Structure formats: structure tokens, C-alpha cells
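Open your viewer and have the selection box ready. We will move from stop to stop, and at each one you will hear what to pick and what is there.

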Amino acid sequence: MIPSALTREDISIEPYQGNTAYDESYGSPVNEKARVEGRRRRVKRADGVEIVSSATAYVRSDTSATMQARITWQTRQYEVVDMLPITGLHGIEGYELLLS
């Protein structure tokens with residue numbers, strides 16, 4: 001697990017549920033602790049597509065975040081464009097969420 005001392009910022013996660021006839025559908029917001037870095041960087045997703053990430057959030061392994069989830073941090077809204085597992089001695093310790 002990522003230590004609680006490193007996850008001091010509050011984020012709101014709305015899990016992506018799919019498309020409706022009119023718009024995208026999200027679940028109820030869940031508040032979680034995270035470490036967020038609000039800087040841009042160019043990254044390559046697992047499928048080989050290069051994207052520009054506006055921020056990166058580090059969350060614990062029991063997160064409710066999903067791909068395409070809506071993340072709110074400091075009144076700014078982002079979408080999860082990739083989730084990278086952070087592994088340790090005991091398996092997956094947390095996730096690095098690339099936000100756009």
C-alpha cells in the first residue's frame with residue numbers, strides 16, 4: 001500500500017459507467033486521498049498511443065477509479081486516460097492515474 005503520509009490531497013472520483021443515448025454516464029462521487037502532481041507530460045499508453053497528461057494522481061490499490069473515470073481535484077475536472085499499477089513486494093501497491 002502507498003503510505004497514508006504520501007496521500008494527503010482530497011480528490012473526488014466518479015467511476016465511468018458507459019455511454020447513454022445522450023452523454024457519458026458516471027457513478028456517484030467517491031472521495032479518496034491521493035498524491036497529485038499538476039504538471040504536463042507526454043506519455044505513451046499501453047496501446048501505443050502518445051498523449052499529453054495534464055496531471056498525475058497516485059492512489060492506493062483499493063481505489064474506485066476506473067479508466068475514463070472523472071476526477072475532480074482543486075475544482076478542476078480530469079478524465080483518467082491510463083492507469084499504471086505500482087508494484088511492490090506484495091503485488092500491486094497502488095496506481096498511477098494519468099489525467100487529461
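Start by selecting Glu37, which is found in strand S4 (residues 30-37); strands here are DSSP runs of E with at least two residues, numbered from the N terminus. The model is predicted, so local features need pLDDT of at least 70 and side-chain atom pairs count only at pLDDT 80 or more, whereas totals for chains, interfaces and linings use all residues. Residues are numbered from 1 along each chain as its sequence is written, and side-chain values use heavy atoms, with hydrogens and water left out.

Now add Arg35: its side chain and that of Glu37 are joined by a polar contact of 2.4 Å. (A polar contact is a pair of N or O atoms within 3.5 Å; within protein, one must be able to donate a hydrogen and the other to accept it, and residues adjacent in sequence count only if both atoms are side-chain atoms.) Glu37 also touches Ala55, Thr56 and Tyr58, not counting residues up to four places away in sequence; contact means heavy atoms within 4.5 Å. Keep Tyr58 on screen, as Arg35 lies over its face at 4.5 Å from the ring centre. Such a charge has NZ of Lys or CZ of Arg within 6 Å of the ring centre and within 35 degrees of the ring normal.

Next, select Tyr26 and Arg70. The charged end of Arg70 sits over the ring of Tyr26, 3.9 Å from its centre. Which residue is the bridge partner of Tyr26? Show Tyr16, and you have that partner. Tyr16 lies in strand S2 (residues 16-19) and Tyr26 in strand S3 (residues 24-26). S2 and S3 run antiparallel, joined by 3 bridges, and form a hairpin with 4 residues between them; strands pair if DSSP finds at least two bridges between them.

For a last stop, colour strand S6 (residues 50-53). Its side chains alternate: Ile51 and Ser53 point to one face and are buried, while Glu50 and Val52 point to the other and are not. Buried means under 20% relative accessible area (1.4 Å probe, protein chains only). In a regular strand, side chains alternate between the two faces of the sheet. Add strand S5 (residues 41-44), which pairs with S6 in the antiparallel sense over 4 bridges. Lys44 has Glu50 as its bridge partner in S6. Finish at Gly48, in the turn of the S5 and S6 hairpin, where phi is positive at about 95 degrees.

Terms used
Buried < 20%, exposed > 50% of the residue type's maximum accessible area, 1.4 Å probe, protein only.
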